Amino acid sequence: MITSKTIIPVYNLSCERDELNYDMLNIKIIVKNNKELMAFCHDKLDYNDDTGYQNYEINELIHIIQNVSECFKASKVCITFSGIEPLIYADAIKQLIDLTKQYRWTINIITPLICEIEDLCLVLDKINNWYIVPTFLDKKDLHNNLYFDNARTNLSILSDCIDKSKLNITANNNNLYSFA
(Lines give C-alpha, C1' and ligand atoms only; values in the text may rest on other atoms or scores of the structure.)
Protein backbone atom coordinates (compact mmCIF):
# COMPACT_ATOMS: atom_id res chain seq x y z
CA MET A 1 0.00 0.00 0.00
CA ILE A 2 1.40 3.38 -0.96
CA THR A 3 0.77 5.99 1.71
CA SER A 4 1.42 9.69 1.91
CA LYS A 5 4.41 10.85 3.88
CA THR A 6 2.53 13.91 5.15
CA ILE A 7 -1.00 12.62 5.78
CA ILE A 8 -2.38 10.36 8.51
CA PRO A 9 -5.98 9.14 8.02
CA VAL A 10 -7.51 9.12 11.50
CA TYR A 11 -10.60 7.20 12.63
CA ASN A 12 -10.56 8.57 16.13
CA LEU A 13 -8.56 11.16 18.03
CA SER A 14 -9.31 11.32 21.74
CA CYS A 15 -7.66 12.82 24.78
CA GLU A 16 -7.88 12.53 28.54
CA ARG A 17 -5.83 13.48 31.56
CA ASP A 18 -3.65 10.78 33.01
CA GLU A 19 -5.26 9.46 36.20
CA LEU A 20 -1.93 9.19 38.03
CA ASN A 21 -0.14 12.23 36.60
CA TYR A 22 -2.43 15.25 36.30
CA ASP A 23 0.16 17.17 34.24
CA MET A 24 0.09 14.45 31.54
CA LEU A 25 -2.39 14.54 28.67
CA ASN A 26 -2.94 11.19 26.91
CA ILE A 27 -3.87 11.49 23.25
CA LYS A 28 -4.97 8.36 21.41
CA ILE A 29 -4.96 8.28 17.62
CA ILE A 30 -6.58 5.33 15.84
CA VAL A 31 -5.49 5.28 12.20
CA LYS A 32 -7.29 3.98 9.11
CA ASN A 33 -5.88 0.84 7.52
CA ASN A 34 -5.93 -0.53 4.01
CA LYS A 35 -8.85 -2.67 2.78
CA GLU A 36 -6.77 -5.83 2.33
CA LEU A 37 -5.56 -5.72 5.92
CA MET A 38 -9.02 -4.93 7.25
CA ALA A 39 -10.55 -7.83 5.26
CA PHE A 40 -7.87 -10.22 6.52
CA CYS A 41 -8.36 -9.10 10.12
CA HIS A 42 -12.15 -9.01 10.03
CA ASP A 43 -12.57 -12.31 11.89
CA LYS A 44 -9.68 -11.59 14.28
CA LEU A 45 -10.44 -8.05 15.39
CA ASP A 46 -13.61 -6.09 15.93
CA TYR A 47 -12.89 -3.00 13.86
CA ASN A 48 -14.68 -0.38 11.82
CA ASP A 49 -15.10 -0.55 8.04
CA ASP A 50 -13.56 1.83 5.51
CA THR A 51 -15.69 4.85 6.44
CA GLY A 52 -15.63 7.56 9.05
CA TYR A 53 -12.05 8.73 8.94
CA GLN A 54 -10.47 12.13 8.32
CA ASN A 55 -7.14 12.82 6.65
CA TYR A 56 -4.86 15.08 8.69
CA GLU A 57 -1.76 16.75 7.33
CA ILE A 58 1.09 16.32 9.82
CA ASN A 59 1.25 20.05 10.62
CA GLU A 60 -2.52 20.14 11.14
CA LEU A 61 -2.35 17.20 13.56
CA ILE A 62 0.53 18.86 15.45
CA HIS A 63 -1.50 22.07 15.70
CA ILE A 64 -4.52 20.18 17.08
CA ILE A 65 -2.38 18.41 19.68
CA GLN A 66 -0.73 21.69 20.73
CA ASN A 67 -4.11 23.41 21.09
CA VAL A 68 -5.60 20.56 23.09
CA SER A 69 -2.60 20.39 25.42
CA GLU A 70 -2.80 24.16 25.97
CA CYS A 71 -6.53 23.91 26.65
CA PHE A 72 -5.88 21.22 29.27
CA LYS A 73 -2.85 23.15 30.57
CA ALA A 74 -0.87 19.94 30.28
CA SER A 75 2.88 20.18 30.66
CA LYS A 76 3.40 16.65 29.26
CA VAL A 77 1.83 14.95 26.26
CA CYS A 78 1.72 11.22 25.51
CA ILE A 79 0.53 10.23 22.02
CA THR A 80 -0.43 6.63 21.33
CA PHE A 81 -0.94 5.47 17.74
CA SER A 82 -3.06 2.37 17.20
CA GLY A 83 -5.23 0.72 14.56
CA ILE A 84 -4.85 -2.63 12.86
CA GLU A 85 -1.32 -1.61 11.79
CA PRO A 86 -0.38 2.03 12.39
CA LEU A 87 3.14 1.45 11.08
CA ILE A 88 1.88 1.59 7.49
CA TYR A 89 2.08 5.34 8.19
CA ALA A 90 5.64 5.16 9.55
CA ASP A 91 6.83 7.92 7.17
CA ALA A 92 4.21 10.34 8.50
CA ILE A 93 4.67 9.29 12.13
CA LYS A 94 8.43 9.80 11.80
CA GLN A 95 7.83 13.25 10.32
CA LEU A 96 5.48 14.16 13.19
CA ILE A 97 8.09 13.03 15.74
CA ASP A 98 10.90 14.89 13.99
CA LEU A 99 8.85 18.10 13.79
CA THR A 100 7.90 17.96 17.48
CA LYS A 101 11.22 16.95 19.06
CA GLN A 102 11.41 20.23 21.00
CA TYR A 103 8.14 19.42 22.82
CA ARG A 104 9.50 16.13 24.17
CA TRP A 105 6.20 14.35 23.64
CA THR A 106 6.07 10.68 24.58
CA ILE A 107 5.17 8.58 21.54
CA ASN A 108 3.75 5.08 21.99
CA ILE A 109 2.59 2.63 19.38
CA ILE A 110 0.27 -0.37 19.57
CA THR A 111 1.09 -2.75 16.71
CA PRO A 112 0.96 -6.39 15.63
CA LEU A 113 4.25 -5.70 13.73
CA ILE A 114 2.92 -6.92 10.37
CA CYS A 115 4.29 -3.88 8.54
CA GLU A 116 7.18 -3.94 6.11
CA ILE A 117 10.63 -4.05 7.73
CA GLU A 118 11.46 -0.68 6.15
CA ASP A 119 8.51 0.94 7.95
CA LEU A 120 9.60 -0.48 11.30
CA CYS A 121 13.17 0.75 10.79
CA LEU A 122 11.98 4.31 10.06
CA VAL A 123 10.67 4.76 13.61
CA LEU A 124 12.63 2.11 15.49
CA ASP A 125 14.59 4.53 17.66
CA LYS A 126 11.89 7.21 17.85
CA ILE A 127 9.10 5.40 19.74
CA ASN A 128 9.12 5.60 23.54
CA ASN A 129 7.03 2.49 24.21
CA TRP A 130 6.07 -0.41 21.96
CA TYR A 131 2.91 -2.42 22.74
CA ILE A 132 2.90 -5.58 20.63
CA VAL A 133 -0.39 -7.32 19.92
CA PRO A 134 0.45 -11.03 19.41
CA THR A 135 -2.45 -11.75 17.02
CA PHE A 136 -0.18 -12.55 14.10
CA LEU A 137 2.61 -14.34 15.96
CA ASP A 138 0.78 -17.70 16.04
CA LYS A 139 1.16 -19.37 12.65
CA LYS A 140 -1.42 -22.12 13.24
CA ASP A 141 -4.19 -19.51 13.18
CA LEU A 142 -3.13 -17.74 9.99
CA HIS A 143 -3.90 -18.20 6.33
CA ASN A 144 -1.50 -15.45 5.26
CA ASN A 145 2.11 -16.38 5.94
CA LEU A 146 3.35 -12.91 4.91
CA TYR A 147 1.83 -11.33 8.04
CA PHE A 148 3.22 -14.14 10.20
CA ASP A 149 6.70 -13.77 8.68
CA ASN A 150 6.63 -9.96 9.00
CA ALA A 151 5.48 -10.12 12.62
CA ARG A 152 8.16 -12.65 13.64
CA THR A 153 10.96 -10.86 11.76
CA ASN A 154 9.96 -7.43 13.04
CA LEU A 155 9.69 -8.66 16.62
CA SER A 156 13.18 -10.11 16.34
CA ILE A 157 14.56 -6.82 14.97
CA LEU A 158 12.74 -4.80 17.61
CA SER A 159 13.91 -6.98 20.50
CA ASP A 160 17.51 -6.78 19.26
CA CYS A 161 17.54 -3.02 18.73
CA ILE A 162 15.64 -1.34 21.55
CA ASP A 163 15.82 -1.23 25.32
CA LYS A 164 13.70 -4.16 26.57
CA SER A 165 11.94 -1.88 29.07
CA LYS A 166 10.27 -0.18 26.05
CA LEU A 167 8.85 -3.44 24.71
CA ASN A 168 5.51 -4.76 26.01
CA ILE A 169 3.52 -7.73 24.73
CA THR A 170 -0.22 -7.38 25.33
CA ALA A 171 -1.93 -10.41 26.78
CA ASN A 172 -5.34 -9.92 25.22
CA ASN A 173 -6.30 -8.88 21.70
CA ASN A 174 -9.51 -7.33 23.02
CA ASN A 175 -7.40 -4.59 24.60
CA LEU A 176 -5.94 -3.55 21.25
CA TYR A 177 -7.68 -0.20 20.99
CA SER A 178 -8.26 0.68 24.61
CA PHE A 179 -4.79 -0.23 25.79
CA ALA A 180 -2.00 2.23 26.76
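This passage looks at the salt bridges in a predicted model and where their partners sit.

Three salt bridges turn up in the structure. One of them pairs the side chains of Glu16 and Lys28, with an N to O distance of 3.0 Å. Glu16 belongs to strand E1 (residues 7–17) and Lys28 to strand E2 (residues 24–31), so this contact ties together parts that are 12 residues apart in sequence. The two partners fall into separate accessibility classes: Glu16, at 41% relative accessibility, counts as partly exposed, whereas Lys28 comes in at 18% and counts as buried. The cut-off for buried is under 20%, which means that Lys28 makes it into that class.

The other bridges involve helix H3. Here Lys94 pairs up with Asp98, and their closest N and O atoms are 2.8 Å apart. Both residues lie in helix H3 (residues 90–99), and because they are four residues apart, about one helical turn separates them. Lys94 is partly exposed, with 25% relative accessible area, and Asp98 is partly exposed too, at 27%.

Asp98 also forms a salt bridge with Lys126, where the closest N and O atoms are 3.0 Å apart. This one links distant parts of the chain: Asp98 sits in helix H3, while Lys126, 28 residues away, is in the loop between helix H4 (117–123) and strand E6 (129–132). Lys126 is partly exposed as well, its relative accessible area being 22%. With partners shared between salt bridges, Lys94, Asp98 and Lys126 end up joined in one network.

Definitions and conventions
Residues numbered from 1 in each chain as written. Predicted model: local features only at pLDDT ≥ 70, side-chain atom pairs only at ≥ 80, totals over all residues. Heavy atoms only, no water. Salt bridge = Lys/Arg side-chain N within 4 Å of Asp/Glu carboxyl O. Helix = DSSP H or I, 4+ residues; strand = E, 2+ residues; numbered from the N terminus. Buried < 20%, exposed > 50% of the residue type's maximum accessible area, 1.4 Å probe, protein only.
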